[in-house]
Amino acid sequence: MSETKNTKRDATGDVAVITGGGSGIGQATTLNLLGRGCTVVVMDYNKKALEATSALADKLPGKFVGVAGDIRSEESRNAVADAVKKTGQPLRMLIHNAGVNTPCKMMMDLKPAEWMRVMDINMNGPLYLTQTLYPLFGKENPEKNRILFLTTIAKMCTGLPNYGPYCVSKLGAEGVAKMLKEELPKGKVPVYTGTLIPGEVNTGMQEATAYSASSGFPEHLVKHWRMLHETKQLLPPPVAGAFIAFVMLDTTKEEFGADKDWFVYDNWHHARWATEFKDVKIVEPRGLAGEH
């Protein structure tokens, strides 16, 4: 992989779909892509979050298209496809960002409905949405056709008791991504798949988990996240958004679809996208999983 300084390509008019794009990492990514001139179709179950993001988008050159819906719903997935078709342009990017990390229970205590909710949002939903949108990817310049799965070190499923539904769903989603990497570049319309770990980011979901009154989260995990808040080691969402936009828009298809996860803390690529964040230390916190 290249360590050279990056030049941003012109992405004006490129169509992207992002799930959970109304808040946190998703919102930051949406705003970054809009700033690059992209048309961004944002799927989010939270209508107020969509409205807030739409207001922020007004001053940016790209076009914001909000779709209120649930990734578990076929009707919602079809609504996203309809929104892409109405742009009159081919789909270029699909970013699987939405996810849930509750309930937190021991595996033997989970109810089927609780288990399936997490699997359907974090693993099955992204597959089904990909199936729905796959025919909409562009036939020309297929190197622009990209699917990104946001993932996490929790997929290692080690040292995190009570966190099984989230860990296993992310491990499963990684498997889905691997199969798409194998299959989709060889299709009539090539599409390339990548995986990315955005790091520890200061989002509402992260804060709610760290300071939740619930006793379900693993105690050492809660302590670790609180420490990151109190020592200000969390990354601002715009850092994650810029990283994701760089990976989606400014890498070669070979770089993008490499076997290794894109990891925000790997410093070999920082010169290519992170120079605007000179006051932010993009350094991996220690104390939870050690080296990985």
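Two strands are taken to pair if DSSP finds at least two bridges between them. In this predicted model, strand β1 (residues 15-19) and strand β2 (residues 39-44) meet that criterion, with five bridges in the parallel sense. Within β1, I18 stands opposite V42 of β2. Helix α3 (residues 74-87) packs on the sheet and touches β1, β2, β3 and β4 (91-96). The direction of α3 makes about 165° with that of β2.

The sheet as a whole is open and is formed by seven strands. Their order is β3-β2-β1-β4-β5-β6-β7, and the pairing is parallel. Strands β3 (63-68) and β7 (262-263) lie at the edges, each pairing on one side only.

A further helix, α5, lies across β5 (146-150) and β6 (192-197). Its run is at about 150° to β6. Helix α5 spans residues 164-183 and includes E174. E174 has 11% relative accessibility; the cut-off for buried is under 20%, so E174 counts as buried. Beyond its neighbours within four places in sequence, E174 contacts T151, K155, T195 and D261.

Aromatic pairs number seven in the structure. In one of them, the ring centres of W262 and W268 are 5.5 Å apart. Their planes meet at 35°, so the pair is tilted. W262 is buried, at 2% relative accessibility. W268 is partly exposed, with a relative accessible area of 21%. Both residues belong to a cluster linked by ring pairs, which also takes in F243, F246, W273 and F277.

Conventions: Residues numbered from 1 in each chain as written. Predicted model: local features only at pLDDT ≥ 70, side-chain atom pairs only at ≥ 80, totals over all residues. Heavy atoms only, no water. Helix = DSSP H or I, 4+ residues; strand = E, 2+ residues; numbered from the N terminus. Buried < 20%, exposed > 50% of the residue type's maximum accessible area, 1.4 Å probe, protein only. Contact = heavy atoms within 4.5 Å. Phe/Tyr/Trp six-rings, centres within 6.5 Å; stacked < 30°, edge-to-face > 60°. Axes fitted to C-alpha atoms, helices over the stretch in contact; angles between N-to-C directions.
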